[in-house]
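Please walk me through this structure, beginning with the overall form of one chain and moving on to the way the two chains are arranged and to one strand in the interior.

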Number of protein chains: 2
Amino acid sequence: MKFKNDLILRVARGEKAERTPVWLMRQAGRILPEYRAIREKLSGFKELATTPSLAAEVTLQPVDILNVDAAIIFSDILVVPEAMGLTYEMPEAKGPWFPKKINNLSDVNSLRVLEAELELEYVYEAIKITKKELAGRVPLIGFAGAPWTIFAYMVEGHGSKTFSNAKKMLYSDPTLSHLLLEKITTVTIAYLKKQIASGADLVQIFDSWAGILSPEQYNEFSLPYISKICDAITEVPTTIFAKGAFFARKQLGLLNCETIGLDWNMDIEESRALIGNKKTLQGNLDPCVLYTSFSEIKKHTQNMLNKFGNHQHIANLGHGVYPDTEKDKVRCFVDAVKEHQFALVV
Amino acid sequence: MKFKNDLILRVARGEKAERTPVWLMRQAGRILPEYRAIREKLSGFKELATTPSLAAEVTLQPVDILNVDAAIIFSDILVVPEAMGLTYEMPEAKGPWFPKKINNLSDVNSLRVLEAELELEYVYEAIKITKKELAGRVPLIGFAGAPWTIFAYMVEGHGSKTFSNAKKMLYSDPTLSHLLLEKITTVTIAYLKKQIASGADLVQIFDSWAGILSPEQYNEFSLPYISKICDAITEVPTTIFAKGAFFARKQLGLLNCETIGLDWNMDIEESRALIGNKKTLQGNLDPCVLYTSFSEIKKHTQNMLNKFGNHQHIANLGHGVYPDTEKDKVRCFVDAVKEHQFALVV
């Protein structure tokens, strides 16, 4: 496949590029009126996510409307626990909710593993349609949740500030916890490989709840499984975004992956020093900056770009774009990245 | 005042002590059935907080029941915005809610500053009663919110995952933001001084929402105001607990205060290296550990104590104790600290 714009792939691989590529986490979503128009006609999030033609359509929207340098397949990290046997619900304006959750060994034993990837045919189909429609304009990103984050939802059963039930299981029953994490990892690798076989050009792992673990727990229950995934994915560049895992930046830098995502709390120079020069960094503008004026957005974006420097950087926010952000403010961010001129000394 | 147990004060001042002192953030609260018995008879949290004899009673409970080495006055950081003119409500099982909030200069101008401390007589009275009842058994901790955290509630009007309105004001109108932060700081200093004059033996500043700011915003909008408070409080030792401000540990170590609180995400050795040897450290067991078995609690507590070493450490959790923690598990934590024998090499 010949790309018209493969900036993000070249930068992920550490190659020099003519400018910094840019995309946004949650770019396919509520920030776009065009998305809301499609969403309104449907029964809910899940109908959209499980209908390949519609998922492909909203995946393409930000490429057309915001001119970002990558598409990311419209889906959710929770399709994995669902494929393993725990259906989730996504009630409007609330977080996800699992009627059945994991409490004990028999729950873990009842999960589907080898057959799970087959349940996700609708994602692969959406990727295939999207790739066809993209016709090489920009690369397509596939994704999955990190095993710890998926574990957190499977045990807690819903979002939580503390995920105290999930953390309790880590402390109280490490053996059971590792068994469950192992199963999630197996499914995740198979799932990502199928996404890649269907056309994903880069994959990103979201460890959304990294930041609620202690450094010791993160080392024991999250990093080893992310590492397994990184080792298994050799086909395309891999990005790890571990929200809040400031304490693990050194170890993240040692993973067998291409790119590390930073959240907006992470100082850019310090992160580069901790992670080392072998990785591309992604991020990390505070999403709240997009609530301010066009001139402020431009100023903060330029400031961020100068700190990262003109190579090994994929511009993004430090978190998913907030759904009530104005579309024109998002465009302002994208344009500011594209128009930026680095000083010659950088 | 002669104390029977002044361990926490000696350790805060960097003196050697016979063992590590221990208390818990939120120790006066729902974890104690004795607290719930009092609370049930009242109209709500505010009646308890504003009735000095009752506030004193629940402040003393953990000293009697849990044998902690310090009492902390039962109150809330939100009494400060209320004294300044923004009444708050505390609906059951929801977070705090401000019917009126700060949007613009005229809102900021309408706030009480010099008269605000006078509104908080009920806190000083509760401190006086508590001190009398304690009769020197253990020291009493006073507290206030850090100016940024109080600002966040005043502008947002309620708790929030992102505090995006508050952060938007920082980005969009730094002048107005500094004016408001200045006013909060003035009131906070006067309030803490009155707490000390009423009998508080140590004061703690809670910067609960430190962790949602970028390092740049934290340097501009939070640290300078905490620094002013530290410089102003010369009467008693001061503790700063900036939840999530991992990126500011070096600067926190330079404050004119005695103790820095760590949350459970912060690696102990790394934090000591960043903060330096001049401060006492407080914390930082993961509150979720108290959901596990007695033997796990003991093991994790001992492990934490060994990492901090046998001086310049006040044992605590890395966050407030979760309200559904069993009382006996909390006692187990307290006892594990008190019984710990450090290896001679430490």
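What radius of gyration does chain A have, and how does that agree with a compact globule of 346 residues? In this predicted model, chain A has a radius of gyration of 19 Å, and because a compact globule with 346 residues would be expected near 20 Å, the value agrees with that form. The C-alpha trace of chain A spans about 60 × 45 × 40 Å along its principal axes, and the secondary structure of this chain comes to 16 helices and 7 strands. Of the 346 residues of chain A, 53% count as buried. Among the contacts in chain A with a separation of 6 or more, 74% are between residues that lie 24 or more positions apart.

The arrangement of the two chains can be taken next. Two copies of a chain are, in general, related by a rotation about an axis and a shift along it. Here, chain B is superposed on chain A by a rotation of 180° with 0.0 Å of shift along its axis, at an RMSD of 0.0 Å, and the two copies are therefore related as by a two-fold rotation axis. In chain B, the C-alpha nearest this axis belongs to F246(B), which lies 3.9 Å from it. Both copies use the same surface, since 100% of the contact residues of chain B recur in chain A.

Where the chains meet, 22 residues of chain B are in contact with 22 residues of chain A. On the side of chain B that touches chain A, helix 9 (residues 164-172) of chain B gives the most, with 5 residues. The residues on that side of chain B divide into 9 nonpolar, 8 polar and 5 charged.

Within chain B, strand 4 (residues 238-242) deserves a separate look. In this strand, 5 of the 5 residues are buried, so strand 4 of chain B is largely enclosed by the rest of the structure. In a regular strand the side chains alternate between the two faces of the sheet. For strand 4 of chain B, both faces are covered, with T238(B), I240(B) and A242(B) buried on one side and T239(B) and F241(B) buried on the other.

Strand 4 of chain B also has paired neighbours. Strand 3 (residues 202-207) of chain B runs parallel to strand 4 of chain B and is joined to it by 5 bridges, while strand 5 (residues 259-261) of chain B pairs with strand 4 in the parallel sense over 3 bridges. F241(B) in strand 4 illustrates both pairings, as this residue stands opposite F206(B) and has G261(B) in strand 5 of chain B as a bridge partner.

Note on methods
Residues are numbered from 1 along each chain as its sequence is written. Chains are lettered from A and ligands numbered from 1 in the order in which they are written. This is a predicted model: local features need pLDDT of at least 70, side-chain atom pairs count only at pLDDT 80 or more; totals for chains, interfaces and linings use all residues. Copies are superposed by least squares on the C-alpha atoms of residues with pLDDT of at least 70 in both. Two residues are in contact if their C-beta atoms, placed from the backbone, lie within 7 Å. Helices (H or I, at least four residues) and strands (E, at least two) are DSSP runs, numbered from the N terminus. Ala, Val, Leu, Ile, Met, Phe, Trp, Tyr, Cys and Pro count as nonpolar, Asp, Glu, Lys and Arg as charged, and the others, Gly among them, as polar. A residue is buried if 20 or more other C-beta atoms lie within 10 Å of its own, exposed if 12 or fewer, and partly exposed in between; C-beta atoms are placed from the backbone. Two strands pair if DSSP finds at least two bridges between them. The radius of gyration is taken over C-alpha atoms; the globule rule is 2.2 Å times the number of residues to the power 0.38.
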